[in-house]
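Q: Got a minute to go through this model with me? I'd like to start with how the helices pack.

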Amino acid sequence: MRIVVTNCNTTREMTEEIVRGARAAAGPGTAVTGLTPAWGPESAESWLDSYLSAAAVMDALRTYAGPAYDAVVMAGFGEHGREGVRELVDVPVVDITEAAAHLACLLGRRYGVVTTLERSCGQIEDSLELAGVGRNCAAVVGTGLGVLDLGDSERTEAAFLAAAERARQAGAEVLVLGCAGMTGLQRVVGDKLGLPVVDGVGAAVKLAEGLVGLGLTTSRAGSFAKPEPKGRAWRPARTDGSGTSPAASRPAGGGTEVAPERRGG
């Protein structure tokens with residue numbers, strides 16, 4: 001089984017960290033490949049970043065070619081694009097936001113999300129509502145750290161523990177890591193908090209494996225039917241008068257490529 005994990009930003013170091021977490025969760029026989037968009041934000045921390053990221057991730061999947069893959073894991077917490085990707089590809093698509101929340105709901109009555117900047121909280125709340133798991137969320141709490149600040153492990157742990165206490169006071173019985181860049185932190189803070197801590201990357205990988213193993217994929221009966229055939233301009237025209245983007249005909253991202261026959265659009 002091969003799972004492609006899409007980073008929501010262009011920071012390759014973060015892709016590598018996410019892939020390490022995904023491989024740690026994957027079962028024997030599952031190959032995990034990271035995909036970094038060729039363009040978009042270096043970190044996704046706003047509505048603008050998120051919408052730009054969504055288009056970049058879809059474009060990377062659309063233009064990627066290589067060995068066939070069996071599922072896609074979208075490693076952007078609260079980021080847009082999951083519905084579009086489900087229309088685009090012909091394999092199961094698991095978003096780390098809803099994967100973490102669904103697993104958290106199996107572990108306690110209410111869960112809390114600890115994320116990066118406070119400005120991201122509303123976007124995450126909307127994503128959880130759209131996924132149908134918002135009612136069980138006690139709180140979404142920011143640490144005040146930017147995505148690119150998460151490399152400082154001591155600072156990240158201290159900020160997470162402080163924010164986690166606020167989520168606990170709001171009624172959370174389970175905690176969710178609210179950023180793919182926090183992958184691995186659950187092993188450090190779980191015992192200190194005395195609460196289950198769910199990592200969305202690991203949760204999404206295990207759910208993707210389960211869907212593939214059961215032979216299930218996205219329904220085409222209604223909402224996620226294949227896109228209507230029509231002209232779609234994916235990249236802006238070049239300013240040199242050629243009318244095409246310099247990257248329009250080459251694969252995007254990094255890692256093992258994805259076979260055209262396993263994607264749509």
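Q: Which hand does the crossing of helix 1 and helix 8 have?
A: Right-handed. That term applies if the near helix is turned clockwise from the far one by less than a right angle. This is a predicted model: local features need pLDDT of at least 70, side-chain atom pairs count only at pLDDT 80 or more, and totals for chains, interfaces and linings use all residues. Numbering runs from 1 along each chain as its sequence is written, and side-chain values use heavy atoms, without hydrogens and water.

Q: At what angle do helix 1 and helix 8 cross?
A: Roughly 50°, and their axes come within 8 Å. Helix 1 covers residues 12–25 and helix 8 residues 200–213. That makes helix 1 oblique to helix 8 (oblique is what remains after under 35 degrees, roughly parallel; over 145, roughly antiparallel; and 65 to 115, roughly perpendicular).

Q: Which residues meet there?
A: I18, G21, A22 and A25 in helix 1 meet V201, G202, V205 and K206 in helix 8 (contact means heavy atoms within 4.5 Å). By class, five are nonpolar, two polar and one charged. Gly counts as polar here.

Q: And what about helix 6 and helix 7?
A: Their axes come within 11 Å and cross at roughly 45°. The crossing is right-handed. On helix 6, the contact residues include F160 and L161; on helix 7, V188 and V189 are among them.

Q: Switching topic, how much of the protein is buried?
A: 54% of the 265 residues, with buried meaning under 20% relative accessible area (1.4 Å probe, protein chains only).

Key. Axes are lines fitted to C-alpha atoms, for helices over the stretch in contact, and angles run from 0 to 180 degrees between N-to-C directions. Helices (H or I, at least four residues) and strands (E, at least two) are DSSP runs, numbered from the N terminus. Buried means under 20% relative accessible area, exposed over 50%, partly exposed in between (1.4 Å probe, protein chains only).
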